[in-house]
Every structure is written in C-alpha cells, then in structure tokens.
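Welcome! Let's look around this model together, one question at a time.

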Amino acid sequence: MKNLIYYLLLFYALVCVLSITFFSGTGDSGDSVTHYLFAKYAPSHPILFLNHWAKPVFVLLASPFAQFGFIGVKIFNSLISLLVIFFTYKTAEKLEIKNAILVAVFLIFSPLFYILTFSGLTEPLFALFTILGIYFCSKQKHITAALIISFLPYVRSEGLIIIGIFGLYFLYKSLWKPLPFLTLGSVIYGFIGLFVFGDFFWVFTEIPYAKLSSVYGQGAFFHFVEQLINVTGVPIYILFWIGFLFLFALIIKKKTHAEQHILLFLGFCAFFTAHTLFWYLGIFNSMGLKRVLIGIIPLIALISLIGFNFISERVHSKPKLKKGVQIFLIGYILLFPFLPNPSAINWEKDMMLNPDQKIAIQVSEFILNEKLINYPLLYNHRYLSIPLNIDYFDSKKCLQITSENIKTMKAGNLLIWDNHYGEFESGFRQGKLDSNSTLTNIGIFKTNELGKNAIFSVYKKN
C-alpha cells in the first residue's frame, strides 16, 4: 500500500507525456503564453527576472525549461504537478488523515488541475510552495516552512495572504523563531531591487494589482462558490463542503488541531474570501477566474478527504454499506472528468490550441511565406511571437499597437490587429485602422470555432 503513491505518480507522469505529445493547447492564449515568453526571453533581458507581473520566482525556475519552447514549460508544470500530488499525500500522512492515498486521486481527477498542468500559468507552482509550507509544519520544521512560504508572493501576489495565515499559525503555537523568516523572500528581492531599481520596497510598491479598481468589472458574491465545482468536479465538490463544515464544527467545539484548522481551514477561507471580495467589489484587477483556486488545490483536496472520511465513519458499523459508499464515491470521482457535463474536460476546447491561436498561425505563415517581415512588427496578441519566432521584449522587433507607434512606423512595417487583445489593449477598432490612409489592409483572417469569433487583420505601412 505504501508504494501505491509511486504507482499513481508513474501513472500521472505517463498521462503527462501522452498529453504533451498529443495535445497542442497552451492553457489559454493570454497569461499562459505571456508567462512563457517572460521565462523564454529572461536570459536575453535579465530585467525580466524581476518583473512583478511575471513573478520573479516563477520566471527563475521556469526559464531553463522555456528555452526548449512551450513544450518545455509544459514539462516544467508537469513536474510541479507531480510534486504537488506527492507532497499533498505526504502531508495527509503526517496529519494522520485516514485514506491519505485518496488525496492523490482527488488531485489527479480534478479537471482543472489536469488542464492547467499543460499551461504556462503560475498556479501549479503556487500550489507546490503552499503545500510544502504545510508539509514542513506538519514535520515540525517550522523555519524551513517559513523560508519557503516567504517566497510565495513572488510566485503569485496572493502569497501575502498565505504568509499572514502562517504568521497566525506560528503565533497560535507560540513559535517565535520562524516568524522573521516569513520576511526572507521579500528582504532578498528587496535588496536585489535596491541595486537594480534603487528601491528596496519595489516588492510592494510595484505590485501590479495594488489598485482599488478593475478594468475587468465585477461580479456576483457567490461567483467562486459556483466556480469551485468547475475546478474539482461534482463529487469532490460535495466532499469538500462536507469536510469544510466538519472542520468548522470541530473549531466551534474547540477540538483544536492547529495544522488542520489554521493552515487548511483558515488558509482556504482567507484565500477564497479574498478572491470573492476582489471580484465582488471590482478591485485589484480581479477577473474572477476560476483558475486562481488551483493555487490552493492541495488544501481543497485535503479538506475533501476529511469529508470523504466523515461520510465513511457515519456508516462504519455497517462494513458492506461503508465499502459500497466508498466504491461509489471513488468510482464517481474517477469517471466524472470524462462524463458529458459542463465541469468535465472538453478535449477540444481545453487541451488544443484556441481558435485565435490557430488563426495566429495562419497569419504567421502568410507573413513568412510572403517574406513580409520588416522589423519592428506591431501586435498585441502574444501568441504571434511563437510561430513568428520573435522576441516579444525586443523593441527593435516587436512593439505594441499604440497611436505613437503607428505614427513612427516606416514604409513596409506590418501591424497585426486582432479583435481580442488588439482591440482591448490598444483601444483601436478595426474600422479606425481601415480608415487610416497611411495603412493598407493586406489580409483578413477569421474563424468562428467553439463559439469564439476570432479576427486578425494585417496592415502594411504605405
């Protein structure tokens, strides 16, 4: 039974190899691709290793893998996901939660956990750092835990929330020595920034989300309660809320277990409530994306396991019924990602290139075949950088679409507008570019797949 975790890890490793081989998707065509580009070109532009949006720790760790192309970042996140599975299991063991092996099953068969494994997004790495912190706390290696957690804000900004939870845990346990180590990551990056930017506090003043507004609007208060089901699937979702209520009841009864009640329960509550309020109030540039919950998927899996055990214990006096309930729940979890339902994996939509990415490849082939490249190119759709093999951060080769950059275009330069990033980020509608007498439209590419209307227009400077 002890070796079962290694068989599960081997199984998931094989799944990763097959998924990378047969599915071309990138997770999404925006942030996932942009994080990859930062990691890819950081060695050519060292300042990118300190970009707050890209997240310094993610760029540092993912960069060696990104040199092999987007497939390298997929391999990186696959390795990270395998470590998340392993250390979540080890944490369940250390916390003496029964049926610990099932927590690995919950992770592997959570639809969004699988999907984001093959992206360039930062959530899997955040999940790893978070569970490592809890794991080392469970082993009473509190300084090691504090050291790891101190770097979380440089994986994702929500790390500041998790640091607060660990600080509360150390205070509750009267552990004073680890507390200063929660600041180590910020101190190290602060000193690096002092030499590079002349500002020790850049790690706080340059947080890109630190604004009480959002260009993405706002949404319903229970948005993330509803979205969680699309992260885990129905059976794990039900088990999670059962486990959540059980832990809450134990806290009310003052049956304390610091690791479970503070690190798991309050850790989830703080993270979940923060994102709920960000989206509901329309602050900190929240987009209400369900994928942020992958950052705490180990906590969700552990609480779900507690829910599973709670149900099992309710029928412990009837062994056959208990076994039947367990088999039903596990079977439902194993099958759910593949059953036709809104929360299951959509292989075409989730694992293949998006319609706009496919059109971006067509545009790139057109430009390359016609030998139209005349640097710099103007575009906002980052994915174009991959098929065009252009360093997105080299201003001699690539510029974003702005009024000023359009004015400075030279004869023969190209502008590639798209109806998503090009329109949203530049503020230019297609009609405005069509009416510009200095530009000639030399190609329009469009598609309407999976309910998504993607349009690219290529303009050449007269």
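Q: Which residue in E3 does Leu 378 stand opposite?
A: This is a predicted model, where local features need pLDDT of at least 70, side-chain atom pairs count only at pLDDT 80 or more, and totals for chains, interfaces and linings use all residues. Residues are numbered from 1 along each chain as its sequence is written, and side-chain values use heavy atoms, with hydrogens and water left out. Strand E1 (residues 377–379) and E3 run parallel, joined by 2 bridges; strands (E, at least two residues) are DSSP runs numbered from the N terminus, as are helices (H or I, at least four). Opposite Leu 378 in E3 stands Leu 415.

Q: Which residue in E5 stands opposite Asp 418?
A: E3 pairs with strand E5 (residues 452–461) in the antiparallel sense over 5 bridges; two strands pair if DSSP finds at least two bridges between them. Across from Asp 418 in E5 is Phe 456.

Q: What is the order of the strands in the open sheet?
A: The sheet has 5 strands with mixed pairing. Its edge strands, E2 (398–399) and E4 (439–449), each pair on one side only. The order is E2-E1-E3-E5-E4.

Q: Why is strand E3 largely enclosed by the rest of the structure?
A: Leu 414, Ile 416 and Asp 418 point one way from E3, while Leu 415 and Trp 417 point the other way. Buried means under 20% relative accessible area, exposed over 50%, and partly exposed in between (1.4 Å probe, protein chains only). E3 (residues 414–418) is largely enclosed because the number of its residues that are buried is 5 of the 5.

Q: Which residues have the most contacts inside the largest nonpolar core?
A: A nonpolar core is a set of buried Ala, Val, Leu, Ile, Met, Phe, Trp, Tyr and Cys residues joined through side-chain atoms within 4.5 Å. The largest one here has 136 residues. Those with the most contacts inside it are Phe 268 and Ile 416.

Q: Is Phe 197 buried or partly exposed?
A: Phe 197 lies in the loop between helix H10 (184–196) and helix H11 (202–205). With a relative accessible area of 40%, Phe 197 is partly exposed.
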